[in-house]
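User: Hi! I would like to learn how to read the contacts between a protein and DNA. Could you walk me through an example?

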Protein chains: 2
Amino acid sequence: MTASHAGRQPTAKSPRRPGPKAWLSQERIVAAAFRVSEQAGAQGITFQAIGDELEAHPTAIYRHFRTKDDLMLALLDALHAEALEATPQPGGDWVQELRELARATHAAFMRHPHVAQFSGARTARRQHEFAKVDRVIGCMLRAGFSPEDAARNYRVFSDFVLAYSAQDASLAALDTDTKNTDMRAWTVDYRTLPREEYPNIHAVAHALPALDDPQNFETALEMMLESLQSSARTTSGTG
Amino acid sequence: MTASHAGRQPTAKSPRRPGPKAWLSQERIVAAAFRVSEQAGAQGITFQAIGDELEAHPTAIYRHFRTKDDLMLALLDALHAEALEATPQPGGDWVQELRELARATHAAFMRHPHVAQFSGARTARRQHEFAKVDRVIGCMLRAGFSPEDAARNYRVFSDFVLAYSAQDASLAALDTDTKNTDMRAWTVDYRTLPREEYPNIHAVAHALPALDDPQNFETALEMMLESLQSSARTTSGTG
DNA sequence: ACCTGAACACCGTTCAAGT
DNA sequence: ACCTGAACACCGTTCAAGT
C-alpha cells in the first residue's frame, strides 16, 4: 500500500518499464489497437504492434482477450458505437433515420479501414451492435412492415450496408502500391481495351466512376431506400 | 533426350519426385490452389499447401507468379470465368440478364468461398473480368441509360453484387467453430435480449432470417433490379 | 530453364517462470 | 493477479545452389 520506494534511478536494465502505473485493460488495448491500425501499413493489426504501442509484452494481451478474434469483435463493436454516436436520436422519419445510420456506419468503417475490412461478415454480439440492430428494426416497424417483413428487411438492408462499407474499407486498407495498381486499371487498362472485343466498355469508358468515388455508396444506398419506400407503400395502407 | 534410365527402383531418397513429366504452369497451379481451397480449414490457401498438392517445392510457384497477390488475382479471374460459363448468351431482356449474371457470380463465389472472401474489393484486370464488365455495361445501355448513367449504374450494381457475394463467402469461409458462434448469436443471443432495452429486436426476433439464408441475397438483388427498372423508365422515353 | 534448400523476418498461441 | 521469456508451428519472400 505504501507507494514510497518508486526510486527512479535510470539504471533500469529492461528498456521498457512503464512502472505499475499502467495496468492493461480491455479499454486500453482497444484504444491502442485503433492507434496501431491508423498507421498500419498493409500488414495491419498484430499483437506485436499493439504490445509496442502499450510498451508491454505482446502476450500480455492474452490476459484480457481470449484470442485475436475476440479482440477484433471488440473493435467491431467500437465501430458500431462510433456510428451510433454520430447519429441523431431515433424517432423521426424512418427513411431519413435509415439513411443517417447507413452513412454513419460507412463513415466509421472508412475511418478505420484496417478494422473494418474483416468486419462485414462478422457478428460482434455485443452492446453497441445490439443497439444499432434495435434502431434499424425500429425504423422498419415504423415504416409499417409486418414483423416478418421488418425482420427480413432489417437483415437485407443492414447486410447491404455492412458489405458495401467493408468493401470500400478493404480498398482503402490495401497497401499503397496494390491500391494504385487496382485504381489504375480503371483509368488506364479499361479505357484502352480494344473496341472490337469490348464494345460496351469502349462506349462508356470515359465515364467510369473511380473505384473509391464516395458517390458509389450514396447511389447504392438511395436505390435500397427507394425500394424499401416503394414496398412500404404497397404493404401498409395505414399511413 | 533418351528417356531410358528412369529406373523405378524404390530406393528414391527424395520422398516426392514426380519426375519430369509434371512441369508446373500457371494453369496447374491455379487448379491446385482451388483444390487446396476446397479442403482448406480456416487457415486457407498457402504456398506450402499448394506445393504439397502439386508435389513440388512451395517456392517453385514463384517461377510462375510474382507474388501471392498475383496468384489470387488469377483465381479471382477464374471465378469470373466460371460465372460467365453458367450464364446464357447476351441479348435478351436486360433485367433478366443482369439477374442471371448476379446469381452466377454469387454462386461461383459461394462455390469457392476461401478465394472469394478476399475478392470483393479487388480488380482482377484480366480477360474474364473484362468480358463480364462488358456484359453488364451492355445491359445498362440496352436499358436506355445514357453512357454516363450506364457507367455509374454498372459500377454501383456490380460492386453491390461483389460486396454482398464476398460477404456471404466470408461467412462460409469462417472455421466451423467461429461460424457456429456467429450464427448462434441470431438464434440464441438476439432472441433472449431484454425486452425493455431492445423492444424492437424483441418484437421481431422470432422472424430474424439466418445469416446464411440464400433468400437474403435474392431479396437484395431484386431491390436493386427494381430500382434500376424504375429509373430506366424515367430516363428513357423511347422503349 | 526450372526447381530445391536454407535462411530471413515475421505471425498467433501456449506455458512455465518471474514479480 | 498480472506480465515476461522462450518455444512452437506456422506464414510469404529472397537468393544461392543444384540439375
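**Reading protein–DNA contacts**

Analyst: Happy to! Keep in mind that this is a predicted model. Let's begin with DNA strand D.

User: Which residues come nearest to DNA strand D?

Analyst: A residue is near a strand if one of its heavy atoms lies within 4 Å of it. For DNA strand D there are 16 such residues, and A:Leu24, A:His57, A:His64, B:Tyr62 and B:Lys68 come nearest. Of the strand's atoms within 4 Å of the protein, 62% belong to sugar and phosphate.

User: What do the polar contacts to a phosphate oxygen of DNA strand D look like?

Analyst: A polar contact is a pair of N or O atoms within 3.5 Å. A:Leu24 uses a backbone N or O atom, 2.9 Å from a phosphate oxygen of DNA strand D. B:Phe47 also has a backbone N or O atom by a phosphate oxygen, at 3.3 Å. With B:Tyr62, an N or O atom of the side chain lies 2.9 Å from a phosphate oxygen.

User: And how many residues surround DNA strand C?

Analyst: There are 16, with A:Tyr62, A:Lys68, B:Leu24, B:His57 and B:His64 the closest. Here sugar and phosphate make up 60% of the strand atoms within 4 Å of the protein.

User: Which part of DNA strand C does the side chain of B:Arg63 contact?

Analyst: A base nitrogen: an N or O atom of that side chain is 3.4 Å from it. B:His57, by contrast, places a backbone N or O atom 2.5 Å from a phosphate oxygen of DNA strand C.

User: What classes of residue make up the surface near DNA strand C?

Analyst: Seven are nonpolar, seven polar and two charged.

Technical notes
Residues numbered from 1 in each chain as written. Chains lettered and ligands numbered in written order. Predicted model: local features only at pLDDT ≥ 70, side-chain atom pairs only at ≥ 80, totals over all residues. Heavy atoms only, no water. Polar contact = N/O pair within 3.5 Å; in protein donor to acceptor, adjacent residues only side chain to side chain. Nonpolar A, V, L, I, M, F, W, Y, C, P; charged D, E, K, R; others polar.
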